[in-house]
Amino acid sequence: MDATVSQAQTWLERLLDLMGFASKVTVEDRTEKTLVMGPWLVIDETPLAPEQVQYLLADQGAPLDAIQYLVNTAMNTGIRDNTETFPPFTVELGDFRQRRQLELISLSEAAAQKVRDTHQPVAMEGMTSGDRRQVHSFFEESTDLETESQGQEPYRRLVIRPRR
């Protein structure tokens, strides 16, 4: 796994350089601070202009999501013999993902309370697939609630409902 992590770090630095966003990438283990498992590839924002950071975090982090998708796809494509598996990489910039996770926890807790109070499903809309994945993980061990994604992109939404 260490070789894959190092390869992902190098791959991401090269991609950023090709995009005109030259920066160093560090690898962090944030399993103690977050619900997202796997290595975090943290982009150093110091050499980036404020406009570049804004660009990467625009539209609720859609460009950062795209970069994260590319990193994970490139690394999974490189593992052809299926002998090595790893949790997906999380690409972070300026604590965006950390802050977003706190927002998702807050939104999820509010929606969960509404479901518990009304015993009716609640739809959470306007979420990226990564956000939906995190919310699903928040409720994995819930004994009274369950989640399901419904619809097709770009109108896909996550529904929280009483467990059947």
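Which strands does helix 3 (residues 96-118) lie across? Select helix 3: it lies across strand 2 and strand 3, running at about 105° to strand 3. Helices (H or I, at least four residues) and strands (E, at least two) are DSSP runs, numbered from the N terminus. Axes are lines fitted to C-alpha atoms, for helices over the stretch in contact (heavy atoms within 4.5 Å); angles run from 0 to 180 degrees between N-to-C directions.

This is a predicted model, in which local features need pLDDT of at least 70 and side-chain atom pairs count only at pLDDT 80 or more, while totals for chains, interfaces and linings use all residues. Residues are numbered from 1 along each chain as its sequence is written, and side-chain values use heavy atoms, without hydrogens and water.

Next, select the sheet. It is open, with 3 strands in the order 1-2-3 and mixed pairing; two strands pair if DSSP finds at least two bridges between them. Strand 1 (25-28) and strand 3 (90-93) are at the edges with a single partner strand each, so one side of each has no neighbour in the sheet. From one strand to the next, the twist averages 30°.

Move to strand 2 (residues 40-43), which runs parallel to strand 3 and is joined to it by 4 bridges. Here Trp40 stands opposite Thr90 in strand 3.

Then select helix 1 (residues 2-18), which lies across strand 1, strand 2 and strand 3 and runs at about 150° to strand 1. Finish at Trp11, which lies in helix 1. Trp11 is partly exposed (relative accessible area between 20% and 50%, 1.4 Å probe, protein chains only), with a value of 31%.
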